[in-house]
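Reader: I'd like to go through this one by asking where each label comes from. Can you walk me through the reasoning?
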2 protein chains.
Amino acid sequence: MTRPAKAVRGSTTGRPIMVLLDLAGQRWTLRILWELQAGPETFRGLQTRCGGISPTVLNTRLKSLRDAGLVEAGPNGYVLTPDGEALGQHLLALDAWAQGWADRRDPRLP
Amino acid sequence: MTRPAKAVRGSTTGRPIMVLLDLAGQRWTLRILWELQAGPETFRGLQTRCGGISPTVLNTRLKSLRDAGLVEAGPNGYVLTPDGEALGQHLLALDAWAQGWADRRDPRLP
DNA sequence: TTCTTATGCTACGTTTTTAGTAGCGTCAAT
DNA sequence: ATTGACGCTACTAAAAACGTAGCATAAGAA
C-alpha cells in the first residue's frame, strides 16, 4: 500500500474521481469554484457573491479547496490555482451544456 | 417574467448552471450519476454500489434526478436519460482530469 | 493619535440534512 | 405457502449548515 489515500466520505477506494465527487458533493464547493472562475475575490466578496453563505462554511470550504490544491490565497484575495482553473474550464463546459439542458426540458414547467 | 424558474438553493437567478451546481452540491447526487453511467442499476444495486447510502437519501436523490430529466426508471432498473448520458460524459472527462490532478499533487501526502 | 472602515475569521445556538436501522407491501419463483 | 428480492417509507440519532454576533488585525482619514 504505497498511497494510503485517506478514505474519503462515501468511498474507500481513494480513486481521484471519488475524491473529486466527494468534494463537489459538499454544498457550496462548486459554487465557490464557479465564482472564483470569474476572478480573484476576497472572503467577504465571496460571501456576498454566494448570496450570504455563512462564514463558517465558507471558511471550511476554502480550507478544503486549498488542501485540494485548487485554490490559494493571493494578495488580492482568493484565487484559483492552475488546477483550479482547469477545473473551472470544465465548469464552463457544464455551463454551456446546462443551457441546452434547461431549454430542452419543458419550458413551461413550474 | 416568463419563466419563474423556481428559486434554487443558494441562488435566486434560476440560471441553469446554478440549478446544476445546486443539484450536484447535494451529497450522493454526482455519485449516483457516476454509477448509472456504468449501466442500468436497481435501487438496491445502487445502494450497495454507493457503499451503503441510506434508502431515504437515495430515494430523494432519484426523485430529484428524475425531476431534472437526468434519470428515469426503466425495466431493468434506473437508467440515464440522453441528458443524463451527456452529463455522464462530462463526468468521464472529469475522471480523466482528476487522474492527473491526483498525480500532480504531492503523492506522499496523507 | 484617535476614529473609522474593511478585512479574515471564530463562537455558538438553531435549523436542516443525512445516516442508520427496521420493516411494509408487492411480485415471481420455488 | 414460503421464500427471496424488489422499491420504498418511518422513525430516531447524528452530522452538517445556517445565521447572527463579534473579535482581532490592519490601513486610511481626521
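Reader: Why do you say that the copies meet through the same surface?

Author: Bear in mind that this is a predicted model. In it, 100% of the interface residues of chain B are also interface residues in chain A, so the copies meet through the same surface.

Reader: And how do you know how the two copies are related?

Author: Lay chain B on chain A: that takes a turn of 180° and a shift of 0.0 Å along the axis, with an RMSD of 0.0 Å. The two copies are therefore related as by a two-fold rotation axis.

Reader: Which residue of chain B comes closest to that rotation axis?

Author: That's Gly25(B), whose C-alpha lies 2.3 Å from the axis.

Reader: What makes Ser64(B) count as buried, exposed or partly exposed?

Author: Count the neighbours. A residue needs 20 or more other C-beta atoms within 10 Å to be buried, and 12 or fewer to be exposed. Ser64(B) has 16 C-beta neighbours inside 10 Å, so Ser64(B) counts as partly exposed. You'll find Ser64(B) in helix α4 of chain B. The C-alpha atom of Ser64(B) is 8.0 Å from that of Leu23(B), though 41 residues separate the two along the chain.

Reader: On that buried criterion, what share of chain A counts as buried?

Author: 27% of the 110 residues in chain A.

Reader: What makes up the secondary structure of chain A?

Author: Five helices and two strands. Read from the N terminus, the order is α-α-α-α-β-β-α. As for contacts in chain A with a separation of 6 or more, 42% are between residues 24 or more positions apart.

Reader: Now the DNA. What makes a residue part of the surface near DNA strand C, and which come nearest?

Author: The C-beta atom has to lie within 6 Å of the strand. There are 17 residues around DNA strand C, and the nearest are Thr42(A), Phe43(A), Arg44(A), Pro55(A) and Ser54(B). The elements giving two or more residues to this surface are α3 (43-49) and α4 (55-67) of chain A, plus α4 (55-67) of chain B. The largest share, four residues, is from α4(A). By class, the surface near DNA strand C has seven nonpolar, eight polar and two charged residues.

Reader: Which residues are closest to DNA strand D?

Author: Of the 17 residues surrounding DNA strand D, those are Ser54(A), Val57(A), Thr42(B), Phe43(B) and Pro55(B). Two or more residues each come from α4 of chain A and from α3 (43-49) and α4 of chain B. Here α4(B) gives the most, with four residues. The surface near DNA strand D divides into seven nonpolar, eight polar and two charged residues.

Key
Residues are numbered from 1 along each chain as its sequence is written. Chains are lettered from A and ligands numbered from 1 in the order in which they are written. This is a predicted model: local features need pLDDT of at least 70, side-chain atom pairs count only at pLDDT 80 or more; totals for chains, interfaces and linings use all residues. Ala, Val, Leu, Ile, Met, Phe, Trp, Tyr, Cys and Pro count as nonpolar, Asp, Glu, Lys and Arg as charged, and the others, Gly among them, as polar. Copies are superposed by least squares on the C-alpha atoms of residues with pLDDT of at least 70 in both. Two residues are in contact if their C-beta atoms, placed from the backbone, lie within 7 Å.
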